[in-house]
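User: I'm new to this structure and would like a close look at one part of it. Could you take me through chain C once it is on the screen?

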Amino acid sequence: MWRDAVLVAGKDLAVERRSRVALNQVVPYALVVLLLFGFAFDQDRPLLVQAAPGLFWLAVLFSGLLAVQRSFAIEASDGAVDGLRLSGLEPAGIFVGKAAAVGLQLLVVEVLLTGGVVVLFHTRLEGAGLLITSALLSTAGVAGAGVAYGALSMGLRVRETLLPLLLAPVLAPVVLAATEAWRSALGLSSADGWRWSGLLGCFAAVYLAGGVLSFGALMEET
Amino acid sequence: MRNPQALSSSRLTRVLGWSALAALALNTWWGLWLSPPDVVQGQFVRMLYVHPAVATMCYAGFGLCTLASLAWLWPRLRSPRWDRLAVAGAEVGAVFCLATLVTGSIWGRASWGVWWTWDARLTLTAILFALSLGYLALRRAVDNPHSRALVSSMVALLMALTVVVDHYATSWWVTLHQNTTLFKQDPTVHGWQLATMLVSFIAFGLAFAWLVLHRYRLEVLEERYETEGLASALEARRSEATAPLDVRTGFEGDRGPSRAPAEAVSQ
Amino acid sequence: MVEIPVLAVRLRSVVALAGLYPLLAGVDLDVGPGQILAVKGPNGAGKTSLLRVMAGLLPVAAGEATVLGLEPTAQARELRRQVGLLGHRNGLYDDLSAEDNVRFCVRAARLPKTAIPVALDRLGLTERLRRLPVGKLSAGQRRRVALACLVARQPRLWLLDEPHAGLDADHRQLLDNLLREAVAEGATVVLATHEASVTALLANRVVTMSGGTVLDGTTVLDDGPVPDDAPVVDDGPGHEREGITSVA
């Protein structure tokens, strides 16, 4: 399974490297979203500092939706889905590979968005350990849930609208927990950020395990 | 081949329906007139006779959906009846979920002047509602019955696990932000209030059962309609094969040694 | 080489559905090993669905099916490894080069990397063409890349849906040679086609599909033993009856 996962992740990242969709489209989209938040909050500086973690994770959520859509659009475009089914690759491996590719792209977006938040919302970075751990765990959760739900909407005509509807409520706890973890790390609240990271870990575990177990069946049925 | 009994009602549903109606009437009478207003909440306590029961039925519906989905996924137990039960539970649960949100909102507005509070349970219920809409939308998007059952049961399980995570997330989140009003949903009740509340549970419970049963039967009827439709669709599809022959030649079995293949096929 | 006269494909009253619509409405078909079977029929007859059932991609809703000795629905994953399907769409990744695409196919099938240049050469894909992103190639060139993936995997059963479409005369000849070579090495080929030249020059057996059924699927096998209960039907007049231009 790991061999297949590396192969699929490599393929997805190769497609990204050639087409540069994440770099040219998703990242600018995320940065523009941050700008729009700035406008919506009317440049209220103390408010922006307080709200920065939440806005950051919202921007990550929207970027995640785009990244997952893209991950499945490349399969759908020339009927490559049949190719995947016929390839003899293990479905669990395909799931892990795709989730890893989406996760890596999201991490790049997050790094750039962190820069954006520092500049636009005047955030001071501290508590690096907690920031990075919670970011890694939430990214794993977003990628896992995204690819799992992406698979089942893969063959459907209404994929573009159904996927956000399915994913957004599912990812709500990730936004919640990640925001709280970051608020704790940045000293904006007195909550226990590590407890929130634990919750993020649970969510990621549920969806990664669920995806591995069910991806085979989901790939067939659409 | 139209089945004359193409309705989802029966003696059981009629009994359930009438008793539900009677219990609801009793609930309304006791709730609005007989039981006294609360010392603290005044008249608004009467929401007690609607909201908790409705909320419980909402959880019952989703719980039913989750358990039925588990049963469907279990290889030895698999049967279409679990899938029908799952969709019945989800749809009825979604209706009660909306009712929970609305009654909760009204109660909040009446008691504390706000339509919404970021109370743990209300927030969780809102997320639950959104999840159920996604589940129902997904069911509509898949045509093949087996795929639909498989995909929705997996999604139901994933969503159930999400709800567990959400429960912790929202309750921790609310305790963090103590400045928002915490909604005390189970005030101490006794006497007439307790009795009326029990009646409300019975009434909405009966209504829930009635709705689930009808929805289940509706699903059975739809499946029957589809299978009958399938038989005639097969006929129509096969006739595409024989029709051109007749149209072109205008004769039956005139040319060639035998019509054996076409006959063998169109049994 | 297959010595025992076991059928490569055996279908009896196979029904396949898309939701409620019957794509296949009861198909009976026998395909012997080493045959090149051409499936003719009007649009909407079910040719593509037939190929997909044989690939194990479309579940069998009713009837019996055995492909390469396996049950296509229950043993789909094992079957798919031995089958190569070329559909209407090529199944390629537009942003990757031809070489990358074939490499992905080959490594996914756990075959050695040496198969890649061999397949690309066989399909006449020059160095320049190999490096371009597939999205920039012409339709015929993309078809050849898809065929290269297939050739590299060396499947036991080749399922091709109108493979000659979009290819010029030279490359059609190339494809025909490829298929004959594959059969000589023990593979079986089933192709769906509209074109009379294919059935004349390439196929050694032709069946017709209409209305989701195969009209003469269990007739005398050219390359195998005759089942005792097979009805004897003359292929010639049968084709004229459907109004399809005669083959010879």
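User: To start somewhere specific: which residue follows H6(C), and what is its phi? From there, please walk me through the rest of chain C.

Analyst: Happy to. Keep in mind that this is a predicted model. The residue right after H6(C) is Gln154(C), and its phi is positive, near 45 degrees. The helix before it, H6, covers residues 139-153 of chain C, 15 residues in total. From the first C-alpha to the last it reaches 22 Å, close to the 21 Å expected at 1.5 Å a residue. H6(C) is also mostly covered, with 13 of its 15 residues buried.

Two other residues in chain C have a positive phi without being glycine. One is Arg110(C), with phi near 55 degrees. You'll find Arg110(C) in the loop between H3 and helix H4 (115-122) of chain C. It counts as exposed, because it has 12 C-beta neighbours inside 10 Å. The other is Glu162(C), whose phi is about 50 degrees. Glu162(C) sits in the loop between S6 and H7 of chain C. With 18 C-beta neighbours inside 10 Å, Glu162(C) is counted as partly exposed.

Now for the sheets. One is an open sheet of six strands in chain C, ordered S5-S6-S7-S3-S8-S9, with mixed pairing. S5 and strand S9 (213-214) of chain C are the edge strands; each has a single partner strand, so one side of each has no neighbour in the sheet. At the S5 end, four bridges link S5(C) to S6(C), and these two run parallel. If you want a spot to look at there, Gly84(C) stands opposite Trp158(C) in S6(C).

Helix H1 (residues 47-55) of chain C packs on this sheet, touching strand S3 (36-40), S5, S6, strand S7 (188-192) and strand S8 (205-210) of chain C. The direction of H1(C) makes about 155 degrees with that of S6(C). Helix H7 (residues 169-184) of chain C lies across S3, S6 and S7 of chain C, and runs at about 145 degrees to S7(C).

Follow the sheet along to S8(C) next. Five of the six residues of S8(C) are buried, so this strand is largely enclosed by the rest of the structure. S8(C) pairs with S3(C) in the parallel sense, over four bridges. In that pairing, Ala38(C) has Val206(C) as its bridge partner in S8(C). With S9(C), S8(C) runs antiparallel, and two bridges join them. Here Met209(C) stands opposite Val214(C) in S9(C). S8(C) and S9(C) form a hairpin with two residues between them, and Gly211(C) in the turn has a positive phi of about 55 degrees.

There is also an open sheet of three strands in chain C, in the order S2-S1-S4, with antiparallel pairing. Strand S2 (21-31) and strand S4 (62-67) of chain C are at its edges; each has a single partner strand, so one side of each is left without a neighbour in the sheet. From one strand to the next, the twist averages 30 degrees. Strand S1 (residues 9-18) of chain C is joined to S4(C) by five bridges, in the antiparallel sense. Leu11(C), for example, has Ala65(C) as its bridge partner in S4(C). H1(C) turns up here too: it packs on this sheet and touches S1, S2 and S4 of chain C. Its direction makes about 65 degrees with that of S2(C).

What about the neighbouring chain? 22 residues of chain C are in contact with 18 residues of chain A. On the chain C side, helix H2 (76-82), strand S5 (83-86) and helix H3 (98-108) of chain C each give two or more residues. H3(C) gives the most, with five. By type, the residues on this side of chain C divide into 12 nonpolar, three polar and seven charged.

Last, a word on confidence. The mean pLDDT of chain C is 80, and 85% of its residues reach 70 or more. Within chain C, confidence is highest in strand S6 (residues 157-161), at 92, and lowest in helix H9 (residues 235-241), at a mean of 39. Over residues 221-248 of chain C, pLDDT stays under 50, and the model has 53 contacts beyond four places in sequence for that stretch. The model scores ipTM 0.83 and pTM 0.79.

Methods. Residues are numbered from 1 along each chain as its sequence is written. Chains are lettered from A and ligands numbered from 1 in the order in which they are written. This is a predicted model: local features need pLDDT of at least 70, side-chain atom pairs count only at pLDDT 80 or more; totals for chains, interfaces and linings use all residues. Two residues are in contact if their C-beta atoms, placed from the backbone, lie within 7 Å. Ala, Val, Leu, Ile, Met, Phe, Trp, Tyr, Cys and Pro count as nonpolar, Asp, Glu, Lys and Arg as charged, and the others, Gly among them, as polar. pLDDT is the predictor's confidence in each residue, from 0 to 100. Two strands pair if DSSP finds at least two bridges between them. Axes are lines fitted to C-alpha atoms, for helices over the stretch in contact, and angles run from 0 to 180 degrees between N-to-C directions. A residue is buried if 20 or more other C-beta atoms lie within 10 Å of its own, exposed if 12 or fewer, and partly exposed in between; C-beta atoms are placed from the backbone. The expected span of a helix is 1.5 Å times one less than its number of residues.
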